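Colleague: I am new to this structure and would like a close look at one part of it, worked through slowly. Please start from a single residue that deserves attention for its backbone, and then connect it to whatever around it helps me to read the model.

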Amino acid sequence: MAMNWQQLICSRRLGKEGEAPIPGEQRTEFQRDFDRLIFSSAFRRMQNKTQVFPLPGSVFVHNRLTHSLEVSSVGRSLGCDVARGLQERYGEESADASDVQSLGSIVSAACLAHDMGNPPFGHSGEEAIRSYFREGKGREVQSMVPWQLWSDLINFDGNANTFRLLAHQFSGRRKGGFGLTYSTLASIVKYPYPSFYITKPKFGFFYTEEEHFATIAQQLGIPLVSMGNGHERWARYPLVYLVEAADDVCYEVMDIEDAYKLRLLSYEEASELLLGFYDEEHRKALAEAHPDVTDQGERIVYYRSCAINALERECVKAFLDNVDAILEGTFEGALIDHIGQPMKRGYQQCAKLSRARIYKCKEVTDIDLAGYQIIYTLLELMTDAVLHPEKSYSQLLLQQVSSQYDILDENLETRLRAVIDYISGMTDVYALDLYRKINGQQLPSV
């Protein structure tokens with residue numbers, strides 16, 4: 001049975017299901033989600049978390065916070081344009097047409113939050129956590145914890161950690177985490193299954209939050225579908241495709257601009273890539289536009305903005321063309337996989353060059369190496385501390401941890417979760433500072 005918009009758009013809040021609306025509140029519940037996220041300390045911390053390139057010196061490039069703001073802007077446009085397309089399809093008077101009016105606000109809020117669970121130092125931080133338990137001293141805890149937790153540890157993923165951050169009740173905090181609406185939370189979960197069902201190194205939630213997602217899925221009418229390996233998973237919530245598309249568009253195009261700013265790409269290389277989304281006639285028109293703008297940096301910005309706008313339109317078209325399959329839970333792949341030519345070819349060219357020239361450049365691999373060592377060291381020390389809390393040194397380390405993390409709980413599983421929550425919530429700067437202090441390389445200022 002296909003999902004329907006009347007059920008999919010739901011303003012019920014996790015952990016606050018019985019609360020009445022705020023009297024006199026003019027914002028929609030989904031606009032309140034956006035505001036709640038943007039004023040949170042977890043969101044602010046992303047300004048000191050690596051996106052791709054090291055945190056800026058004299059040249060400003062993207063961090064997790066600026067990336068998330070841009071993804072949110074693109075997501076709002078995608079949601080609003082899809083809503084208009086659906087209203088035309090259903091007819092202005094239908095119930096479905098009125099229910100989709102909030103799509104822009106929901107997608108924008110979900111985009112704002114999509115990277116909040118990522119650990120310090122980008123993907124190297126994720127890999128360091130996985131590697132510590134798979135290959136390092138963390139292997140000793142395998143026999144001490146439930147197999148589901150072990151699967152979460154050796155497959156640690158920032159996507160699942162985002163859902164935990166938003167939905168888990170930390171010590172002394174309110175039930176339901178951030179108390180976001182069901183629709184916004186569902187829009188964040190790109191991979192709606194736990195770690196022990198994965199067929200690729202991505203999953204949507206830790207097993208400790210599976211019950212939360214099951215509650216949301218049932219309320220929104222998200223069906224179970226076969227994974228093809230003897231297991232079932234929930235179908236993707238339709239707006240996940242728009243959140244994913246906004247992220248895909250931003251990071252692939254913006255990484256080209258950042259690489260140009262850092263002189264990893266020449267003007268000719270960057271402009272060729274950004275004009276590669278168009279046919280010859282359109283390319284020529286863009287190259288000849290604004291002849292008074294001779295600054296090469298400004299022209300790269302112009303080409304980038306045009307590319308994002310064009311990709312937005314293509315992703316909206318892909319969603320509307322496949323909306324029946326999306327609602328039935330049978331749509332395969334991401335929207336970016338279904339855009340037309342020459343846009344698809346241009347996107348693939350950017351992705352290919354990024355893998356070869358950007359993600360493997362010295363500036364990126366240097367931060368990967370440093371981040372890996374920092375996270376690995378902190379994990380090793382903190383894990384030993386929760387395994388042996390009676391040691392004097394362990395007690396010194398455990399005193400560093402915020403009270404919201406149950407680092408002193410009697411249950412080892414809870415303590416290990418607290419270690420991961422604590423370290424993954426650090427900024428790059430805080431992790432580096434703590435690493436230096438632990439190693440005696442830096443004394444705290446008075």
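Modeller: Phenylalanine 121 is a buried residue, since its relative accessible area is 5% and the cut-off for buried is under 20%. Please keep in mind throughout that this is a predicted model. Phenylalanine 121 is found in the loop between α6 and α7, the latter covering residues 122–134, and its phi is near 65°, a positive value in a residue other than glycine. Most residues other than glycine have a negative phi, so this is a place to look at with care.

On one side of that loop is α6, which spans residues 103–113, and its partner α2 makes a good next stop. The axes of α2 and α6 come within 8 Å and cross at roughly 20°; because angles under 35 degrees count as roughly parallel, α2 is described as roughly parallel to α6. The crossing itself is left-handed. On the α2 side the contact is made by Phe30, Gln31, Asp33, Phe34, Leu37 and Ile38, while α6 contributes Ser105, Ile106, Ser108, Ala109, Leu112 and Ala113. By type, these residues divide into 8 nonpolar, 3 polar and 1 charged.

Among those contact residues, aspartate 33 of helix α2, which covers residues 29–38, rewards a pause. Its relative accessibility is 0%, so aspartate 33 counts as buried. Setting aside neighbours within four places in sequence, aspartate 33 is in contact with Arg13, Ala109, Leu180, Thr181 and Thr184; of these, Ala109 is a residue of α6 that also takes part in the contact with α2.

A second residue with a positive phi can be set beside phenylalanine 121. Arginine 263, in the loop between α12 and α13, has a phi near 65°, again a positive value in a residue other than glycine. Its surroundings contrast with those of phenylalanine 121: arginine 263 is exposed, with a relative accessible area of 77%, whereas phenylalanine 121 is buried.

The helices on either side of arginine 263 pack against each other. Helix α12, residues 240–261, and helix α13, residues 267–275, have axes that come within 9 Å and cross at roughly 170°. That angle makes α12 roughly antiparallel to α13, and the crossing is left-handed. Val253, Ile256 and Tyr260 in α12 meet Tyr267, Ala270, Leu273 and Leu274 in α13, and the residues of this contact are 7 nonpolar, with no polar and no charged ones.

Leu273 leads onward to another helix. Glutamine 349, which lies in helix α17 and counts as partly exposed at 36% relative accessibility, touches Leu273 and Gly276 when residues up to four places away in sequence are not counted. Along the chain glutamine 349 and leucine 273 are 76 residues apart, yet their C-alpha atoms are separated by 7.1 Å. Just before α17 there is another backbone feature to notice: the peptide bond from glutamine 341 to proline 342 is cis, with omega near 0°, and proline 342 lies in the loop between α16 (323–328) and α17 (343–358). Most peptide bonds are trans.

For a helix pair with another geometry, turn to α4 (residues 64–90) and α15 (residues 296–321), whose axes come within 10 Å and cross at roughly 40°. This makes α4 oblique to α15, and the crossing is right-handed. The contact is made by Val74, Ser77, Leu78, Asp81, Val82, Gly85, Leu86 and Arg89 of α4 together with Ile308, Glu312, Cys315, Val316, Phe319 and Leu320 of α15, and these residues divide into 9 nonpolar, 2 polar and 3 charged.

Last come the aromatic rings. A search of the whole structure finds 18 aromatic pairs, one of them between phenylalanine 205 and phenylalanine 213, which are stacked at 5.1 Å centre to centre with 25° between the planes. Phenylalanine 205 is buried at a relative accessible area of 0%, and phenylalanine 213 is buried at 2%. Elsewhere in the list, Tyr132, Phe133, Trp150, Tyr372 and Tyr376 form one aromatic cluster. The residue numbers of Tyr132 and Phe133 place them in α7, residues 122–134, which brings us back to the loop where phenylalanine 121 is found.

Methods. Residues are numbered from 1 along each chain as its sequence is written. This is a predicted model: local features need pLDDT of at least 70, side-chain atom pairs count only at pLDDT 80 or more; totals for chains, interfaces and linings use all residues. Side-chain values use heavy atoms; hydrogens and water are left out. Axes are lines fitted to C-alpha atoms, for helices over the stretch in contact, and angles run from 0 to 180 degrees between N-to-C directions. Helices (H or I, at least four residues) and strands (E, at least two) are DSSP runs, numbered from the N terminus. Angles under 35 degrees count as roughly parallel, over 145 as roughly antiparallel, 65 to 115 as roughly perpendicular and the rest as oblique. A crossing is left-handed if the near helix is turned anticlockwise from the far one by less than a right angle, and right-handed if clockwise. Contact means heavy atoms within 4.5 Å. Ala, Val, Leu, Ile, Met, Phe, Trp, Tyr, Cys and Pro count as nonpolar, Asp, Glu, Lys and Arg as charged, and the others, Gly among them, as polar. Rings of Phe, Tyr and Trp (its six-membered ring) pair if their centres lie within 6.5 Å; planes under 30 degrees apart count as stacked, over 60 as edge-to-face and the rest as tilted. Buried means under 20% relative accessible area, exposed over 50%, partly exposed in between (1.4 Å probe, protein chains only).
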